[in-house]
Amino acid sequence: MQFDDDANLDTSEVQDVRGSRLPGGRATIGGGIVGLVALLLGLFFGVGPDQLGLSSGGDQAAPTSSSLAQVQQSCRTGRDANTRYDCRAVAVVNSVQDYWTQEFRRRGRTYTPSSTVLFSDRIGTACGTATSAVGPFYCPGDRKVYLDLGFFDELRSKFGASGGPFAQAYVIAHEYGHHVQDLLGVLGRSQDGLTGENSGSVRTELQADCYAGVWARHATTTPDESTGRPLITSLTAADIRDGLDAAAAVGDDRIQERFQGRVTPETWTHGSALQRQQWFQQGYRTGDMARCDTFR
Ligand SMILES: [Zn+2]
């Protein structure tokens, strides 16, 4: 994955609060998690979201470090995205949102941009307080994507994915898939409280994978707002393989096998490795969000 060296990055789409600390005190557990959609939501711990460090505290991250807003200081151009992984996240957020802005316009709708919050350790959100253990997630309550960049190391070390720059892009595009669902009013369907292969939750997750693939198809042809040229200049077959590999690594069956030693499809919330790959590919092959109807 290569970015146009001369493109300007739009850092207004990313809030960088890495290095912030939440105020001390015991977190209150229970009742505070409202419809948060995570990439994998802690299945690997075999616990419910309440035990994952999510709580209902209304606490806000308080800056304690002068290293805040690093991306605002360091991520100016595509050249930075080609050399720094946090700037790469900014560039991917820009590309994904440029695509959906233009696609919504083609469909006579309006895309409302959502910001990505880069955090470390813990973060207060409208969905409750979350720790990094939750993995990347989208919170419908404040319509933001939350990301601890340390997760991408875990993808390799803990989940056995090959990693690679495009694995990061897949994860970000998946979370923005949830934002697209939210804007289209589809996201509520995941809240049927059920699990298993045909649950609303699995269908919602697979659709977000499909939307990630749709963006990937158009990533190198979507004009950037600042230059009119695509921000992403090259995506190779190896990049797409990295994305598929990441999608498989966070499949419910893979995670269950790895962390609980057996596969229990009736508890799936995100879909199997194969399903996640297939739906990403479906989006990538067709480039058409209308072909992402996982609810049919
Ligand atoms: Zn998800």
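Are Arg18 and Asp16 buried or exposed? Both Arg18 and Asp16 are buried. The model discussed here is a predicted one, and this report goes through its salt bridges, its disulfides, its zinc site and one pair of strands.

## Salt bridges

Side chains of opposite charge can pair when their charged atoms come close. A search of the whole structure finds 12 salt bridges. Three of them are described here, beginning with the two that involve Arg18.

Arg18 forms a salt bridge with Asp16, with 2.8 Å between the closest N and O atoms. Arg18 also meets the side chain of Asp86 in a salt bridge, at 3.0 Å from N to O. Arg18 sits in the loop between β2 (14-16) and β3 (37-38), while Asp86 belongs to helix α3, so this pair ties together parts that are 68 residues apart in sequence. Asp86 is buried, as is Arg18. These residues belong to a network of salt bridges that links Asp16, Arg18, Arg84 and Asp86.

Another salt bridge is found within helix α3. The side chains of Arg106 and Glu103 meet at 2.8 Å, N to O. About one helical turn separates Arg106 from Glu103, because they are 3 residues apart in helix α3. The two ends of this bridge have unlike surroundings: Arg106 is exposed, with a relative accessible area of 56%, whereas Glu103 counts as buried at 8% relative accessibility. The cut-offs explain these two labels, because buried means under 20% relative accessible area and exposed means over 50%.

## Disulfides

How many disulfides does the count come to? The count comes to 3 disulfides. The table lists each pair with its sulfur distance and the torsion about its S-S bond.

| Pair | S to S distance | Torsion about the S-S bond |
|---|---|---|
| Cys75 and Cys87 | 2.1 Å | -80 degrees |
| Cys127 and Cys139 | 2.1 Å | about 95 degrees |
| Cys210 and Cys292 | 2.1 Å | about -75 degrees |

The link of Cys75 and Cys87 is left-handed, with -80 degrees about the S-S bond. Cys75 lies in the loop between α1 (70-74) and α2 (78-83), and Cys87 lies in helix α3 (residues 85-106), so the disulfide ties together parts that are 12 residues apart in sequence. Cys75 and Cys87 are both buried. Helix α3 thus appears in two of the topics here, since it holds Cys87 and also Asp86, the salt-bridge partner of Arg18.

For Cys127 and Cys139, the torsion is about 95 degrees, so this disulfide is right-handed. It links distant parts of the chain, with Cys127 in the loop between β5 (122-125) and β6 (128-131) and Cys139 in strand β7 (residues 137-139), 12 residues apart. Cys127 counts as buried because its relative accessibility is 0%. Cys139 counts as buried for a value of 0% as well.

The disulfide of Cys210 and Cys292 is left-handed, because the torsion about its S-S bond is about -75 degrees. Cys210 is in helix α6 (residues 200-218) and Cys292 is in the segment after α9 (273-286), which places the two cysteines 82 residues apart. Both Cys210 and Cys292 are buried.

With bonded cysteines counted along the chain, the disulfides follow the pattern 1-2, 3-4, 5-6.

## The zinc site

Which residues coordinate the zinc ion? His174 (NE2), His178 (NE2) and Glu205 (OE) coordinate the zinc ion, at 1.9 to 2.1 Å. In sequence, these donor residues have the spacing H-x3-H-x26-E. His174 lies in helix α5 (residues 165-184) and Glu205 in helix α6, so this pair ties together parts that are 31 residues apart in sequence. His174 and Glu205 are both buried. Helix α6 therefore contributes Glu205 to the zinc site, and Cys210 of the disulfide with Cys292 is in helix α6 too.

## Strands β5 and β6

Strands β5 and β6 run antiparallel and are joined by 4 bridges. They form a hairpin with 2 residues between them. Across this pairing, Arg122 stands opposite Thr131 in β6. The loop between β5 and β6 is also where Cys127 is found. In a regular strand the side chains alternate between the two faces of the sheet.

Conventions:
Residues are numbered from 1 along each chain as its sequence is written. This is a predicted model: local features need pLDDT of at least 70, side-chain atom pairs count only at pLDDT 80 or more; totals for chains, interfaces and linings use all residues. Side-chain values use heavy atoms; hydrogens and water are left out. A disulfide is a pair of cysteine sulfur atoms within 2.5 Å. Buried means under 20% relative accessible area, exposed over 50%, partly exposed in between (1.4 Å probe, protein chains only). Donors are N, O and S atoms within 2.8 Å of the metal (3.2 Å for Na, K and Ca); water is not among the atoms, so sites may look incomplete. A salt bridge is a side-chain nitrogen of Lys or Arg within 4 Å of a carboxyl oxygen of Asp or Glu. Two strands pair if DSSP finds at least two bridges between them.
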